[in-house]
Amino acid sequence: MHKTGTAWWQHGIVYQIYPRSFQDSDGDGIGDLPGIMDRLDHLVELGVDAVWLSPIYPSPMADFGYDVADFTGIDPIFGTQEQFDALVAEVHRRGLKLILDFVPNHTSDRHPWFEEARRSRDSARRDWYIWRDPAPDGGPPNNWLSNFGGSAWEFDAGTGQYYYHAFLKEQPDLNWRNPAVREAMYDALRSWMARGVDGFRVDVIWHLIKDDQFRNNPISPGWTPGMDPFHRLVPLYTADRPEVQDVVREMRSVIDEYDDRVLIGEIYLPLERLMAYYGVDLAGAHMPFNFQLIDAPWHARTLEGLIGDYEGALPPGGWPNWVLGNHDKPRIASRVGPAQARVAAMLLLTLRGTPTLYYGDELGMENSPIRPDQVRDPFEKNVPGKGLGRDPQRTPMQWSAAPNAGFTTGRPWLPIPGNFREVNVEAQSGDAGSMLSLYRALVALRRSEAALSIGSYEPVSADGDLLVFQRVSAGDRFAVALNLGPTPARVDLPDRFAGGRVRLSTHLDRSEALRGTTVELRGDEGVIVVPAAP
Ligand code: NOJ
Ligand code: MG
């Protein structure tokens, strides 16, 4: 607990590293644990509190680590157990926390459990996965679809049954109705916590339980053939089943066996369903990820509405959180444009609730064009040409103007974006007006001001492209005024800000006193204002 009585994951900031793309240390073109170790200075200078690593477990890499073949090991591509322990120790020495990705919904088809399960129908581990007989015509048992294209059922000729896979056929789903599966997975969590891991981001936690009657999913009315084929059906019987709440509660109780750990759930659901994952009496996930800023159109009134709705929907005591991007979604700078990306940074770092930053967003990295021969993501390979591929947002971190942006001495696994000579950590560190300087200033301000990290959120009415709110705690008060459009605009702040001062602008070039309660914003500008000294 902090001096203010909040836990580290409440007042802190989380930074997501996609390990393949952060820093390569051995010249194989793939980022690794010693590479992360070498770059911890960047995280300390940025001022974040916790690092979440996308999966580093042994994996055939069909889905780049989200196909796990051993839940307690480290893939040799990323390093050794010793290097992992050294990283945990060093992260802690620097006052940071380490969060691992936990992927409980499925394993790799090369996991020994699945290899044993598919050996025969009588295998002791057969029921660790989800098997069904073919339909009378020999086809799949029902209409369930894979998130990565096609049927979710794969026929296993050796045993004459189909197995269910919500993602790739190389990612068979575990049967979470089987208590032995649960215990094995909880033991994996315990083993990482015993080694010092501070918490988990749980992959597709809302998928863990599927309908026990295997009913067909209903047709989605709005779907058209240009869209993601997965959305042809409503996943009514394959996700967010009522019984999943028991699993989340159990998982939380395992987390609570160790002090001060965090459970974060990856959940893409509408607001009211999302809130269920806090659990009855907050006994579920500490933070069900809130992805609304990723999906919403970038309009002031829309965002104002969704922030208010989210604040209003939180269960009593439920801690909010906000996310602008991750390894599955187009980068924020590409979604809203480079100018608005600065406004988005200010929004993320001034809202009430734990922010999660995606590596490279602090430089304004954009989606990178990927030629067909450079595609690595299985989603793009299975469902090509619909813009669903995730390689563009997974390109290597841009450290410097050195060859390959300082990421590797070898051949990078994804291409280095063409703008790396200007857009990189080294260049932006020396530029007082850069995106990195803005991120550092925003993070530093949030860290030093309790009102910004844990204070209350109070909307201020505004119109047009303006989004305005206050953050308040124990006498301290900040106004945040964001212009989400390109046209200059005037903001009238509440009376308390009369004669106040601009504390920070997204343009990093002003700190003047206000005339009255008015602040003039340029296009695509956001400011944080403090009241006049009493
Ligand atoms: C969600 C992960 O974020 C994504 O990258 C992955 O492909 C799927 N879950 C399957 O594990
Ligand atoms: Mg490497």
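The following exchange goes through two helix pairs and one ligand site in a predicted model.

Me: Why is α6 called roughly parallel to α7?
Reply: The axes of α6 (residues 179-194) and α7 (residues 244-255) cross at roughly 30°. Angles under 35 degrees count as roughly parallel, so α6 is roughly parallel to α7. The axes come within 10 Å, and the crossing is right-handed.

Me: Which residues of α6 and α7 meet?
Reply: Arg 182, Tyr 186, Leu 189, Arg 190 and Met 193 in α6 meet Val 247, Glu 250, Met 251, Val 254 and Ile 255 in α7. By class, this contact has 7 nonpolar, no polar and 3 charged residues.

Me: What makes α12 roughly parallel to α15?
Reply: Between α12 (residues 338-348) and α15 (residues 435-448) the axes cross at roughly 15°. The cut-off for roughly parallel is under 35 degrees, so the term applies to α12 and α15. Their crossing is right-handed.

Me: What classes of residue make up the contact of α12 with α15?
Reply: On the α12 side are Ala 341, Arg 342, Ala 345, Met 346 and Leu 348, which meet Met 435, Leu 438, Tyr 439, Leu 442 and Arg 446 in α15. They divide into 8 nonpolar, no polar and 2 charged.

Me: Why does the pair of Asp 63 and ligand 1 count as a polar contact?
Reply: An oxygen atom of ligand 1 is 2.6 Å from an N or O atom in the Asp 63 side chain. The cut-off is within 3.5 Å, so the pair counts. Side-chain N or O atoms also lie 2.9 Å from a ligand 1 oxygen in Arg 201 and 2.8 Å in His 327.

Definitions and conventions: Residues are numbered from 1 along each chain as its sequence is written. Chains are lettered from A and ligands numbered from 1 in the order in which they are written. This is a predicted model: local features need pLDDT of at least 70, side-chain atom pairs count only at pLDDT 80 or more; totals for chains, interfaces and linings use all residues. Side-chain values use heavy atoms; hydrogens and water are left out. Axes are lines fitted to C-alpha atoms, for helices over the stretch in contact, and angles run from 0 to 180 degrees between N-to-C directions. Helices (H or I, at least four residues) and strands (E, at least two) are DSSP runs, numbered from the N terminus. Angles under 35 degrees count as roughly parallel, over 145 as roughly antiparallel, 65 to 115 as roughly perpendicular and the rest as oblique. A crossing is left-handed if the near helix is turned anticlockwise from the far one by less than a right angle, and right-handed if clockwise. Contact means heavy atoms within 4.5 Å. Ala, Val, Leu, Ile, Met, Phe, Trp, Tyr, Cys and Pro count as nonpolar, Asp, Glu, Lys and Arg as charged, and the others, Gly among them, as polar. A polar contact is a pair of N or O atoms within 3.5 Å; within protein, one must be able to donate a hydrogen and the other to accept it, and residues adjacent in sequence count only if both atoms are side-chain atoms.
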